[in-house]
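Subject: Structure for you to look at

Dear colleague,

I am passing on the structure below, together with some notes on its salt bridges that I hope will help you find your way around. Please keep the viewer open while you read.

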Amino acid sequence: MKKVEIAVIGGGIGGAMIASLNQKKDLILFEKDKNLGGCASTFKRFGEFFNTGATTFVGYEENHVIKKIFDEVGLKPELIESHVAIRTIQNKKIVDRVENFEEFLSNLNSVYYHENNRIFWKTIKEIDEKFWKLKNIYFSKYSFKAYAKTALFIVELFKEFGFLLFKTADGYINEVLPNISKEYKAFIDSQLLITLQTTSKDLSLLALSLGLSYPFHKVYYSNGGMGKIVEDLLKEVNVSNKEEIISIERFEDKYKIISTKDEYLASKVILNSTIFEGSKLFLDEDIKKYYEKFSFNDQSAFVVYLKLNSKENFLHHYQIILKENIPNCISNSFFVSFSDINDEKLSHNGYSITISSHSKAIFWEGLTKEEYENKKEETKDFIINEFLKNFDFVKKEEITVSFAATSKTFNRYINRTNCGGKAITLKNILELPSCNTPFKNLYNVGDTIFAGQGWPGVAIGADILNKML
């Protein structure tokens, strides 16, 4: 049995960040798949490279935790700035989300005019700016020290935001944008689905602000694929990919780990798997019961991958909003990520395109094999047809490769059926899982614990955990 100080289970964004921050320690990172990055990986199929999910990279700027972590590990990622963060197309109407506030507001008013647009979006932007200037972002449990530091963060939140913390997103929208049009509301909600995996009906004003404001920051495309950022983070880390963890058993103050290749005795275990599925790994009943407390988040993604042989110039990111929901999905929009035209890896032989929408994992689980293939093909064809309608200068014959992935596909490769954790709301804030657990030397990191979604949210969790370690 091999001994190791820290075992990191999973090579997604959170696992990569925490492993890179502790790369000088006796550490192994285990990854089931051959590709690193999880939902942010880059993979090869039919001789071409594709990004598993959306390619927006945000938070690499001063005063942000991502830049702090990258600087600490000595990584300067190869990034290309997306001067338009997202181009939204709805009923042929175009709004560009850009960093410059006045430019964005002018564009927005030409499409979704409201007399209070300036008040609404300026407040959203200011709340976001204030949040990222907070000094004591922290959330953990199970010890006096952890609760004290969490309390300090809550006091700082109240000091900065006061009663705004208790405002709901929908309440604020209705108050400041009364009689908002159905189209305009869809524009807001479709962006929240990307960043927070839910719509305004489930959110606080603070979460709404963070979810809508990321295009006011610098947004980047990762040259060579999203997976390259994760691979670069892990360059100096002891990584064992294509090694799946079968079981973990508490052994006095240590943890016995059995994988598909070997057995290990770890002093500390960090799970980068989803919090909902943690119980599947453990043999100890008390640890299994702890993880079973966290209800499964059923929301997942349906993703279409295309190779497009076109000489047109495209932005990196588009969002297409339709009038009705996509078949077999829970959204009326899809997010389109184009590889950069100068990306020699992904744009070899044409653009590499990832198109994602939201669906329910349980829907795909409940189908027969024949039903599954038929529904998958139906959804893929619908999305491709709508893509062609909204990019009418693209010809169908220019698409040289097309295939799709469901929650079952993701489970096969990266051991998870869902995408993201539950949105942080006023109702569930005290129930959120933290980086630490009630069990000594057992920790969590990733998008299903505080602070949740996207690179910035996962980075906050990794930063908090690193302070604990």
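A good place to begin is Lys-380, which counts as buried because its relative accessibility is 10%, under the 20% cut-off. Please bear in mind that this is a predicted model. Lys-380 forms a salt bridge with Glu-377, and the closest N and O atoms of that pair are 3.4 Å apart. Glu-377 is partly exposed, with a relative accessible area of 38%. Both residues belong to helix 12 (residues 369-390), where they are three residues apart and so are separated by about one helical turn.

Another pair is Asp-284 and Arg-250, which form a salt bridge whose closest N and O atoms are 3.8 Å apart. Since Asp-284 lies in the loop between strand 13 (263-271) and helix 10 (285-292), while Arg-250 lies in strand 11 (residues 245-251), this pair ties together parts that are 34 residues apart in sequence. Asp-284 is buried, at 15% relative accessible area, whereas Arg-250, at 28%, counts as partly exposed.

A salt bridge also joins Lys-307 to Glu-48, with 3.5 Å between the closest N and O atoms. Here distant parts of the chain are linked, as Lys-307 sits in strand 14 (residues 299-308) and Glu-48 in strand 4 (residues 48-51), 259 residues apart. Both Lys-307 and Glu-48 are buried.

Finally, you may like to locate Glu-62, Lys-67 and Asp-71, which are linked in a network of salt bridges. In total, the count of salt bridges comes to 25.

Best wishes

Terms used: Residues are numbered from 1 along each chain as its sequence is written. This is a predicted model: local features need pLDDT of at least 70, side-chain atom pairs count only at pLDDT 80 or more; totals for chains, interfaces and linings use all residues. Side-chain values use heavy atoms; hydrogens and water are left out. A salt bridge is a side-chain nitrogen of Lys or Arg within 4 Å of a carboxyl oxygen of Asp or Glu. Helices (H or I, at least four residues) and strands (E, at least two) are DSSP runs, numbered from the N terminus. Buried means under 20% relative accessible area, exposed over 50%, partly exposed in between (1.4 Å probe, protein chains only).
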